[in-house]
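Visitor: Please take a close look at the salt bridges of this structure. Which residues take part, and how accessible are they?

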Amino acid sequence: MTVSVAFVIPVRHPGSVRDWTVLQGYLRQTLASVAAQTSGNWECVVVANADAPLPDMPPNCRIVRVDLPLPDMPDRQTQLEAYYDAVRRDKGLRIHAGLAGIADQTHVMVVDFDDFVHRRLVEHVEAHRDAAGWNISRGYVWSGGSWCFAQSGFHYMCGTSHIVRRDLLGSFTTPEGGPDIAAVKRRLGSHIFIHEDLAAQGNPLQDLPFAGAVYRVGNPQSTSGSGQLAAMMTPPRDLLVHPRRFVRNMLKYRRVSPDMRRDFTLPDTPW
């Protein structure tokens, strides 16, 4: 039976991570969030290097091992675009490997190894199997405390933000049989372009009708370089430079309620 949703989690090269124990702890929490779906009609594909230790996999989860080299990462401060290009290549190739064998009519959701997803995602997809997919346009930003930030335009900020039917993603194969690197970087390694590309193809993504994911920030193992919640969403300098924006953003903070913890399986401990 074809599953409704395949969650694909690309895990970074071990050589690019300062503390692999912490990464495994984050990944374990993300897997628990995925596994809390109200419908069991899903699978999760974790893509990692052959020598990367991983936590125990919940039911419906499988591991795809790859032999990708440690990416050459330019300096983030002085070569930001080159840095992100390297990130997109490595992440895209991992996702590409994870797509192998996923049926065309299955919807695919890429999930970053430290984020969280709403427990009703698969239930929603099952009720709309013919849809091209969804932008997760509303979500939360969270750094592990008692407060989170309600983020609109979430799919422009976070990689855990699209659900797309597999056949619409494309084949990513060159005529010679290898991966089309440019397409892999644009469609899989980045979350910025997919909704624009599909709309141009005549297959626009809908906005998911509820907040669908939580973007964890303040993780030193991530490639985004994101800081703690308040420093990222309401930096003190904005009070002087952009006071109206600062006030608007202050109003977007929310208490992390028991319902939210249940819906996203948010942990009580850092990892």
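Guide: The following account treats the salt bridges pair by pair.

This is a predicted model, in which local features need pLDDT of at least 70 and side-chain atom pairs count only at pLDDT 80 or more, whereas totals for chains, interfaces and linings use all residues. Residues are numbered from 1 along each chain as its sequence is written, and side-chain values use heavy atoms, with hydrogens and water left out.

A salt bridge is taken as a side-chain nitrogen of Lys or Arg within 4 Å of a carboxyl oxygen of Asp or Glu. The count by this rule is 13.

One of them joins Glu43 to Arg62, with the closest N and O atoms 2.9 Å apart. Glu43 belongs to strand S2 (residues 42–49) and Arg62 to strand S3 (residues 61–66), so this pair ties together parts 19 residues apart in sequence. Strands (E, at least two residues) and helices (H or I, at least four) are DSSP runs, numbered from the N terminus. Glu43 is buried at a relative accessible area of 17%, while Arg62 is partly exposed at 31%; buried means under 20%, exposed over 50%, and partly exposed in between (1.4 Å probe, protein chains only).

A further salt bridge links Lys185 and Asp85, whose closest N and O atoms are 3.0 Å apart. Because Lys185 lies in helix H5 (residues 181–188) and Asp85 in helix H2 (residues 80–99), the pair ties together parts 100 residues apart in sequence. Asp85 is partly exposed, at 32% relative accessibility.

Asp238 and Arg245 also meet through their side chains, at 3.2 Å from N to O. Asp238 is buried at 6%, whereas Arg245 is partly exposed at 35%.

Finally, a network of salt bridges links Arg119, Asp259, Arg262 and Asp263.
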